[in-house]
Amino acid sequence: MWGMRLPLALLLAATIYVASLVLFPVEHIVVMGNQHLKTEEILARTQLYAGEPWLWIRSDRLQGLRRDPWVAEARLEKPRVGEVRLILREREPFLPLADGNALATDGTVLPGGAPMAKGPRVEGEGPLPVQDLLALARAYPEATRLRYTPAGFWVETPQGVAFAPEAQLLVKYAQAGVPKGRVYLYSWGVSVSP
């Protein structure tokens, strides 16, 4: 009896699979929310194509796409038979870096994002202090350039330049207003020159 059930079960499974290809193929694929990434590139990464069996498409196809630094969130929906909807939320470039990349608002480095970044230009030496730079850019929205070295941080605005050995001193100083002239901040005091 068991010898007959296994071949019949395999035949039934094969019949259901073939029927799903014929009866429920993917007819429409809609990609929403992409601005930087091209639709064709997204479809190639997820291997979503018209004509595939709609029943067998699962969200595990998004794993490769979710590893892309530009993708903050990716969701796959199947709103009706034959339609697949891929909804993306891309990260926005915030701080342009000297190497042509950009920092997103969450600190992710976005390859090639510098031309689209609206924040102050970032230059520096040494490891990239991501959280410090983001804090400075938020504290000084009028800044035109942020610089960092092992010695400290500089914030340049149209009115002046401020330096501090630690970013937190500059963030606290931002509450007092925009630096005018040259301002040097230290834990023991402030030095201002025109």
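Strand β7 and strand β8 (residues 145-149) run side by side in the parallel sense, joined over 4 bridges. Two strands count as paired if DSSP finds at least two bridges between them. Helices (H or I, at least four residues) and strands (E, at least two) are DSSP runs, numbered from the N terminus. Within this pair, the bridge partner of Gly-124 is Tyr-148 in β8.

Before going further, a word on what you are looking at: this is a predicted model, in which local features need pLDDT of at least 70 and side-chain atom pairs count only at pLDDT 80 or more, while totals for chains, interfaces and linings use all residues. Residues are numbered from 1 along each chain as its sequence is written, and side-chain values use heavy atoms, with hydrogens and water left out.

## The whole chain

The chain holds 5 helices and 12 strands. Its domain assignment gives domain 1 (4-90) and domain 2 (119-193); such bounds come from an automatic or database domain assignment. The centres of domain 1 and domain 2, taken over C-alpha atoms, are 48 Å apart.

How does the radius of gyration of the chain compare with that of a compact globule of 194 residues? The chain has 27 Å, whereas the globule would have a value near 16 Å. That radius is taken over C-alpha atoms, and the globule rule is 2.2 Å times the number of residues to the power 0.38. Along the principal axes, the C-alpha atoms fill a box of roughly 95 × 35 × 25 Å.

Of the 194 residues, 38% are buried. Here buried means under 20% relative accessible area, exposed means over 50%, and partly exposed lies in between (1.4 Å probe, protein chains only). About 11,500 Å² of the chain is exposed, and carbon and sulfur atoms supply 58% of that area. Accessible areas come from the Shrake-Rupley method with a 1.4 Å probe; for residues, only the protein chains shown count as cover. Among contacts with a separation of 6 or more, 37% join residues 24 or more positions apart, where contact means heavy atoms within 4.5 Å.

## The sheet of domain 1

Let us start with the open sheet of 3 strands, which has the order β1-β3-β2 and mixed pairing. Its edge strands are β1 (28-32) and β2 (71-80), each pairing on one side only. The twist averages 15 degrees from one strand to the next. Axes are lines fitted to C-alpha atoms, for helices over the stretch in contact, and angles run from 0 to 180 degrees between N-to-C directions. Helix α2 (residues 39-46) packs on this sheet, touching β1 and β3, and its direction makes about 115 degrees with that of β1.

Strand β3 (residues 83-90) pairs with β2 in the antiparallel sense over 7 bridges, and with β1 in the parallel sense over 5 bridges. Is β3 enclosed or open? Because 6 of its 8 residues are buried, β3 is largely enclosed by the rest of the structure.The table gives residues that face each other across this sheet.

| Residue | Opposite residue in β3 |
|---|---|
| Glu-77 | Arg-85 |
| Glu-73 | Arg-89 |
| Met-32 | Ile-87 |

The hairpin of β2 and β3 has 2 residues between the strands, and in it Gly-82 takes a positive phi near 90 degrees.

Another residue to look for is Gln-47, in the loop between α2 and α3 (63-66). Most residues other than glycine have a negative phi. Gln-47, however, has a positive phi, near 55 degrees. Gln-47 is also exposed, with a relative accessible area of 51%.

## The sheet of domain 2

Now back to the strands we began with. They belong to an open sheet of 6 strands with the order β7-β8-β9-β10-β11-β12 and mixed pairing. Which strands stand at the edges? They are β7 (121-124) and β12 (189-193); each has a single partner strand, so one side of each is left without a neighbour in the sheet. On average, neighbouring strands of this sheet are turned by 15 degrees against each other, direction ignored. Helix α4 (residues 130-139) lies across β7, β8 and β9, and runs at about 150 degrees to β8.

Finally, find Gly-152 in strand β9 (residues 152-157). Gly-152 is buried, with a relative accessible area of 1%. Leaving aside residues up to four places away in sequence, Gly-152 touches Arg-147, Phe-163, Ala-164 and Pro-165. Gly-152 and Gly-124 are 28 residues apart along the chain, and their C-alpha atoms are separated by 10.0 Å.
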